[in-house]
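I opened this notebook page to record what I looked up in the structure. The entries follow the order in which I checked each topic.

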Amino acid sequence: MRARRTLVVTLAAGALLLPPTTAHTAPPPPAVDLGREVLAPGDGWASYEGPTVPDGKPTVATGTTGGADASPAEVYVVDTWQELRDALAGRPGGSQTDARRNVVPRIVYVTGTITAFDPAACDAFAAQVTVSDSGQPFRMADYVAHFDPAGPWGRVKPSGPLEDARIAAAAIQAAQTLQHVGSNVTLVGVGDDAKIVGASVRIRDAHNVIVRNLTIADAYDCFPVWDPTDTAVGNWNSAYDNVSVWTSTSVWVDHNTFDDGDHPHSALPTVFGRPFEVHDGLLDITHGSDLVTVSWNRLDDHDKTELIGSSDSRLQDRGQHRVTLHHNHWIDIGQRAPRVRFGDVHLYDNLYTQTTEGLFQYYWGAGIESSIVAENNAFELAPGVDAARIITRWGGTQLLETGSTVNGQVTDLVAAFNATAPVPLAPTARWTPADVYAYTLDPVRDVPAIVRAGAGAGVLVSGTPVATAKPGVAVLSDDNGWDTGLQDGSYTVTATLWWGQNATVARLYENGVLVGAQWLTGTTPHRQTVAFPVTGRVDGSYTYVVELLNPYGTSTSRPRTVVVTDAAPGRPVLSDDNRDGDGSFAITSTLWWGTNATHYALYRDGVPVDEQELTAATPQRQTVRTAVTGLPPGSYTFVAVLSNDAGSTSTAQRVVTVRG
């Protein structure tokens, strides 16, 4: 929820003569841990609680919290592509199927720039594919030459060995650049420079996902397909969106910047008279996805920015594609802001800016069975661009629009469209946003300033209120043997951060394996201490490190080795009271010193004759007695075995002679 405050300052004339050194700058607001934030109630369709049927699969939405319920073991700070992929998959080297099906709540912080691939690698992808009829490595230049519509191939869709090779090369690229996001995830950038470049991030078959404060750029397709039948002049079509939402529900996309990075549309070459398009959408919501809020994002210098609904023929999408877009800023785009099929879509307080007409075609596309409600949106059109072009019709029948301004003037956009359209749109909608969630419109005259100030990545003061950089390094200690004098496998490993930036998570690794994790409360620069109880270790050596983590990064302690020598019970002593030798006596097992047992067994001549469960009270003496009666004359060998979870210890043999 955004709070607005107005500060009124009155200065006396004399105050203006004060030297600059007397001025006081207000401290910046504290950083907020975006990884723990959830979508507020009433913030668009993603806050909705109720039934939804993505791609025909019934489920019940409960709002959008992302990874806020993550355990401290499921918090990650990543700054490489592989680290990001491992975090989303839930294990090192995990597959895209792992990532898509993972439902464990996770928070993934991105720091700095993560690059999935560099387009310079396109030739290397292609070289891994052999064209079947020539035996030569695939080259996109050969593809272009072969399918030139002005040549022998003509205006027919590509097919045959070169098209098969293009598809194979595209699959190799996809394995490197396409990344799935599963359910219950918060993916968030830290600071004002967090970027994911060269990737296509796909939220697929998921629910409850948050993506915030990231610049996601340049989902570059090395191998776009030529389709001479796409429009009258043909088009190059790319496979990758910067972010796509497929068959997913309860998704919040907030305060991100989407663009084409180092390969903007203006830099694309022309091939067959058409732009050699290496990008698809910036943020597409398709395949029956539902309950999505897109807020405070910047979408910049791109052609096809946002598609809601993938196909007119997907009738199973009826009732889905419910999306809210508010306080977003589109700058110098071509189209789809958004184009809608089937959905009940709410557009309010958005800003659309053109510095030049450029590649502009339209902003709002009313597609088949769509119902768009648009309120208080501001348009800044380039000279010569008619307001009638803001809306276009793609099989839709209605669009309800109020409060729009074009270059500061209130304008009825539906009326402007209908004045020149062969088939008009009804100024109606089949739904009312206020019946679903509560929201407050900004005055449309204020929308440009509000959105410019607040939209995009790096605007939020993100990180953590307990630190301004990654944690300092902890020092480890242990109390092995302090409590009982025995190195018995039960002890505490303590990590102390004596000075430095505090952590929000501490994780304990034993011999390289994560065995404990805790959330922490920071009080930088004060000392921070966290204790990990360890129990049940058998005799051996255990090496520990503690990793401290906050949204800015991680630190790892120096190793601490703990040696356990007394985990199993100490060695007991057997005695008997067979002084008269009559065959009736007691066998007593006494553990004078050592780790106590939880189980006792007595053997006579190798055969068990008694078992008892014991209560351990280490390091106190432990005594167990077994009554023996009615033995005939002879010699008998007794052995007692004391056991606990760490092992067993036998007594020496005790020979008892019965004389009769």
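Before reading any annotation, I noted that UniProt positions are given here in the numbering used for this chain, that feature names are shortened, and that annotations may be inferred rather than shown by experiment. I also noted that I am working with a predicted model.

**Entry 1, the annotated region.** I looked up the UniProt record, an unreviewed entry, and found that its annotation "domain: Pectate lyase" covers residues 146-385. Over residues 146-385 I read 8% helix and 39% strand, and the C-alpha atoms at the two ends are 39 Å apart.

**Entry 2, the parallel sheet.** I traced an open sheet of ten strands, whose order is β3-β4-β7-β10-β15-β20-β23-β26-β29-β32 and whose pairing is parallel. Its edge strands, each pairing on one side only, are β3 (75-78) and β32 (399-402). From one strand to the next I found a twist that averages 10°.

I then looked inside the sheet at strand β10 (residues 207-212) and strand β15 (residues 249-254), which run parallel and are joined by five bridges. Which residue of β15 is the bridge partner of V209? I found V251 in that position. As a reminder to myself, strands of a sheet pair through backbone hydrogen bonds, either parallel or antiparallel.

**Entry 3, an antiparallel pair.** For the antiparallel sense I turned to strand β48 (residues 634-644) and strand β49 (residues 647-650), which pair over four bridges. The two strands form a hairpin, with two residues between β48 and β49, and I noted T649 in β49 as the bridge partner of L642.

**Entry 4, salt bridges.** Counting a side-chain nitrogen of Lys or Arg within 4 Å of a carboxyl oxygen of Asp or Glu, I arrived at 20 salt bridges. I followed several of them, beginning with D290 and R322, whose side chains meet at 2.6 Å, N to O. This pair links distant parts of the chain, with D290 in strand β20 (residues 290-295) and R322 in the loop between β22 (307-308) and β23 (323-326), 32 residues apart. I found both D290 and R322 buried.

Next I checked R430 and D344, which form a salt bridge at 2.8 Å, N to O. Here too distant parts of the chain are linked, since R430 lies in the loop between α6 (413-418) and α7 (447-454) and D344 in strand β26 (residues 344-348), 86 residues apart. Is R430 buried or partly exposed? R430 is partly exposed, because its relative accessible area is 46%, whereas D344 counts as buried because its relative accessibility is 14%, and the cut-off for buried is under 20%.

The third pair I followed was R507 and E547, with the closest N and O atoms 3.1 Å apart. R507 sits in strand β37 (residues 505-510) and E547 in strand β40 (residues 540-550), so that this pair links distant parts of the chain, 40 residues apart. I read R507 as buried at 5% relative accessibility, and E547 as buried with a relative accessible area of 16%.

I also recorded a network of salt bridges that links E37, R212 and D254.

**Entry 5, a surface patch.** Finally I looked up a nonpolar surface patch of about 420 Å², made by V475, W498 and W499. V475 lies in strand β35 (residues 475-478) and counts as partly exposed because its relative accessibility is 45%.

Conventions:
Residues numbered from 1 in each chain as written. Predicted model: local features only at pLDDT ≥ 70, side-chain atom pairs only at ≥ 80, totals over all residues. Heavy atoms only, no water. Pairing = 2+ DSSP bridges. Axes fitted to C-alpha atoms, helices over the stretch in contact; angles between N-to-C directions. Buried < 20%, exposed > 50% of the residue type's maximum accessible area, 1.4 Å probe, protein only. Patch = residues over 30% accessible without salt bridge, like charges linked within 9 Å, V, L, I, M, F, W, Y side chains within 5 Å. Areas by Shrake-Rupley, 256 points an atom, 1.4 Å probe, with all protein chains shown as cover.
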